[in-house]
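Got the viewer open? Keep the selection box handy, and we'll walk through this one stop at a time.

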Amino acid sequence: MKVLVALGIGLASMLDDAQGASTKPNPVMAIDIALEPDATMIQRAEAVNARLLKVFPKGFSLGATHHPHISILQRYVHTSDLDKVYAAVDRILANEKASGWKLKATKYYYIPWKSIGLAGIVVEPTDDLLRLQQELIDAVAPFTTKTGSAAAFVTTPAEPGINKPTIDYVAAFVPKATGKNFNPHVTVGVAPQDDLKTMLAEPFDAFTFSPSEASVYQLGNFGTARKKLKTWELQP
């Protein structure tokens with residue numbers, strides 16, 4: 001159920017009617033503070049994504065506009081305070097040796113929606129991830145606002161709308177997707193449920209990987225990391 005809460009928003013927002021977003025500058029921005037995985041995870045995620053696109057071409061492609069990532073914190077922040085947000089994140093990361101963390105990918109999963117599902121790779125929570133998340137929550141808190149509109153997100157002519165559940169999910173990320181409710185994962189694509197059931201029935205070779213960078217993204221529809229705003233190389 002926790003994973004449903006964490007990821008069901010993505011599938012619902014892709015499939016439901018979209019709520020249009022203004023292209024005018026907006027005083028509030030929806031952001032994602034995320035860890036970007038090393039090549040080990042990226043290669044696995046992209047391979048699964050390619051497999052799913054073969055059976056469901058209407059899905060999304062991982063790559064330059066849909067970055068593989070582990071969301072640590074999603075928030076609405078005042079656009080005018082972005083530099084302060086970056087400075088706060090920088091202070092937290094300076095005290096972490098995150099590139100040395102060994103994270104474990106444990107299984108595939110999918111969230112069902114009618115005949116299709118949103119698939120991902122589950123990452124085992126660790127004390128380091130939970131500590132980082134709480135430190136970021138505290139550091140960014142002075143610059144947050146409770147909610148935002150569709151205008152806080154990235155839209156494009158191909159993806160012109162932001163679904164209301166996406167808007168609501170960012171507003172409720174703390175506490176509904178944090179602490180004991182945190183479910184770290186890398187989303188890998190969409191496919192018919194029959195194909196996903198076949199994939200889940202196959203043996204999963206658990207593997208370890210490490211974070212390589214941390215980034216702040218402006219979010220797009222169904223929780224995608226669409227626009228990179230700031231990046232840090234992680235300390236070894």
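## First stop: a central strand pair

Select residues 28-37 and 211-219: these are strands β2 and β10, which pair antiparallel over seven bridges. Bear in mind as you look around that this is a predicted model. Within the pair, pick out Ile31 and look across to β10, where Gln218 stands opposite.

Now widen the selection to the whole sheet. It is an open one of five strands, antiparallel in its pairing, and the order to follow is β6-β3-β2-β10-β11. Which strands stand at the edges? Colour 144-145 for β6 and 225-233 for β11: each has a single partner strand, so one side of each is left without a neighbour in the sheet.

Next, add residues 127-140. That's helix α4, lying across β2, β3 (70-78) and β6, and it runs at about 5 degrees to β3.

## A buried arginine on the edge strand

Stay with β11 and select Arg226, which is found in that strand. Is Arg226 buried or exposed? Its relative accessible area is 13%, so Arg226 is buried, the cut-off being under 20%.

To see what surrounds Arg226, leave aside the neighbours within four places in sequence and show its contacts. Thr65, His66 and His67 are among them, as are Val154, Thr156 and Glu159. The run Tyr217, Gln218, Leu219 and Gly220 also touches Arg226. You've met Gln218 already: that's the residue opposite Ile31.

## Over to the second sheet

Jump to β8, β5, β4 and β9, which in that order make an open sheet of four strands with antiparallel pairing. Here the edges are β8 (185-192) and β9 (207-209); each has a single partner strand, so one side of each has no neighbour in the sheet. Turn the view to follow the twist, which averages 40 degrees from one strand to the next.

Zoom in on β4 (residues 103-113) and β5 (residues 116-123). Eight bridges join these two antiparallel strands. Select Ile111, which sits in β4; its bridge partner in β5 is Leu118. Ile111 counts as buried, at 5% relative accessibility. For a long-range link, draw a distance from the C-alpha of Ile111 to that of Gln193: 9.0 Å separates the two, although they are 82 residues apart along the chain.

## Two helices that cross

Gln193 brings you to the next selection, residues 193-201, helix α6. This helix packs on the four-stranded sheet, touching β4, β5 and β8, and its direction makes about 155 degrees with that of β4.

Add helix α2, residues 39-55. How do the two helices cross? Their axes come within 10 Å and cross at roughly 145 degrees, and the crossing is right-handed. Show side chains for Val48, Arg51, Leu52 and Val55 in α2, then for Asp195, Leu196, Thr198 and Met199 in α6, which they meet. The residues of this contact divide into five nonpolar, one polar and two charged.

## Zoom out

Finally, clear the selections and take in the whole chain. There are six helices and 11 strands, and 51% of the 236 residues count as buried. Among contacts between residues at least 6 apart in sequence, 83% join residues at least 24 apart. Switch on the surface to finish: the accessible area comes to about 10,900 Å², with 54% of that belonging to carbon and sulfur atoms.

Methods
Residues numbered from 1 in each chain as written. Predicted model: local features only at pLDDT ≥ 70, side-chain atom pairs only at ≥ 80, totals over all residues. Heavy atoms only, no water. Pairing = 2+ DSSP bridges. Contact = heavy atoms within 4.5 Å. Axes fitted to C-alpha atoms, helices over the stretch in contact; angles between N-to-C directions. Left-handed = near helix turned anticlockwise from the far one by under 90°. Nonpolar A, V, L, I, M, F, W, Y, C, P; charged D, E, K, R; others polar. Buried < 20%, exposed > 50% of the residue type's maximum accessible area, 1.4 Å probe, protein only. Areas by Shrake-Rupley, 256 points an atom, 1.4 Å probe, with all protein chains shown as cover.
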